[in-house]
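Q: I am new to reading protein structures, and I would like a close look at one part of this one, with its surroundings explained step by step. Please begin with the whole before turning to the details.

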Amino acid sequence: MQSAQPKPTRGGQTTTAAYVYLKKDAKAPASWENSTQQYLVATWDGAQWRNITWDQIRDAVPFEVCGPGWGVQQDAAYGGSQVFTDSDAPHYPDGVLKWVNQGGPLFAADHWDLEEQVGAVPACAPTYPTPTQSATPTPSATPTPSVTPVPTVTPEAPSPAPAPTDVVDDDATPTPTATSTPVATPAPTPSATSEVLAAGPASTPTPTVRSEVLAAGALATTGSTALPLAIGAGVLVAAGGVLLALRNRRRPSAGSDA
């Protein structure tokens, strides 16, 4: 330790604190302007510069201190250790604690390279680049197809059949009913016998001598009434006609036999 010991300018309790920091420029001497964030390592009573140890550094600094470029700052202040422990550690350009001439407790400060206090600083362990493992891409979620809701078809109620009414529309034209077609009745074909029979009565019988005598006798006869006589004469005439017809029917047979 090359610096002169601090000298308080007034009486009262004094305390000294030591900080460790990484220099901005590793090749430049340790100084307030070349400092970065500082870490409180230790405090002790009295105004006195002293060397710190590796154990104090390892217990106070939250990371490994190794390699070149480290510095140490020590401050002397009026008051107890709480002056430093209850305050934030300095970080250039914010010194936190003020000097006595500014109304603060500080009255002395100095800087050293870490090697001056602890000797050789161990080299940092070599660092090897960790192979970056390519992250397996997370498969994108397959979008779920939206389901189109099927509209619910409500069956319509069947329309009720119109009930028959007894009201008769006078203006309605009645539907004509189908007229049955008359079936023609075939005329019967006359047979030979029917022709002969039909022709027989129509022929006028030839009066015979007997019929004429009967007729004359009837006209000459007188009796109680004329009506019975007339009826009798008619019967005789009819009988004569029948006999004549029978005779005519027998003549062709007699001719064929000859």
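What percentage of the 258 residues in the protein do buried residues make up? After that, please look closely at the aromatic pairs and at what lies around them.

A: Happy to help! What you see is a predicted model, in which local features need pLDDT of at least 70 and side-chain atom pairs count only at pLDDT 80 or more, while totals for chains, interfaces and linings use all residues. Numbering starts from 1 along each chain as its sequence is written, and side-chain values use heavy atoms, with hydrogens and water left out.

To your question: buried residues account for 21% of the 258 residues in the protein. Buried means under 20% relative accessible area, exposed means over 50%, and partly exposed is in between (1.4 Å probe, protein chains only).

The secondary structure consists of 6 helices and 4 strands; these are DSSP runs numbered from the N terminus, helices being H or I with at least four residues and strands E with at least two. Starting at the N terminus, you will meet the elements in the order β-β-α-β-α-β-α-α-α-α. Take the contacts (heavy atoms within 4.5 Å) between residues at least 6 apart in sequence: 72% of them join residues at least 24 apart.

Val 20 is a good place to start looking. You will find Val 20 in strand β1, which covers residues 14-22. With a relative accessible area of 0%, Val 20 is buried. Leaving out residues up to four places away in sequence, the residues that Val 20 touches include Tyr 39, Ile 52, Ile 57, Trp 70 and Val 72. The C-alpha atoms of Val 20 and Tyr 39 are 5.3 Å apart, although 19 residues separate the two in sequence.

Two of those neighbours lead us to the aromatic rings. Tyr 39 and Trp 70 belong to one aromatic cluster, together with Phe 63. In total, the structure holds 5 aromatic pairs. Rings of Phe, Tyr and Trp (its six-membered ring) pair if their centres lie within 6.5 Å; planes under 30 degrees apart are stacked, over 60 edge-to-face, and the rest tilted. One of these pairs is Trp 32 with Tyr 92, which is edge-to-face, at 5.3 Å centre to centre and 75° between the planes. This pair links distant parts of the chain, 60 residues apart: Trp 32 sits in the loop between β1 and β2 (38-45), and Tyr 92 in the loop between α2 (82-85) and β4 (106-113). Trp 32 is partly exposed, at 22% relative accessibility. Tyr 92 is partly exposed too, with a relative accessible area of 29%.

Now back to the cluster. Phe 63 and Trp 70 have ring centres 6.1 Å apart and planes at 35°, so this pair is tilted. Here Phe 63 is partly exposed, with 38% relative accessible area, whereas Trp 70 is buried at 6%.

Stay with Tyr 92 for a moment and look at the backbone. Tyr 92 is joined to Pro 93 by a cis peptide bond, with omega about 5°. Pro 93 lies in the loop between α2 and β4. Val 96 is found in the loop between α2 and β4 as well, and its phi is near 65°, a positive value in a residue other than glycine. Val 96 is partly exposed, at 33% relative accessible area.

Finally, let us turn to charged side chains. The structure holds 2 salt bridges, each a side-chain nitrogen of Lys or Arg within 4 Å of a carboxyl oxygen of Asp or Glu. One of them brings together Asp 113 and Lys 23, at 3.1 Å from N to O. This salt bridge links distant parts of the chain: Asp 113 is in strand β4 and Lys 23 in the loop between β1 and β2, 90 residues apart. Asp 113 counts as partly exposed, at 21% relative accessibility, while Lys 23 is buried, at 8%.

Asp 55 and Arg 58 also meet in a salt bridge, at 3.7 Å from N to O. Because they are 3 residues apart in helix α1 (residues 54-60), about one helical turn separates Asp 55 from Arg 58. Asp 55 is exposed, with a relative accessible area of 52%, and Arg 58 is exposed at 55%.
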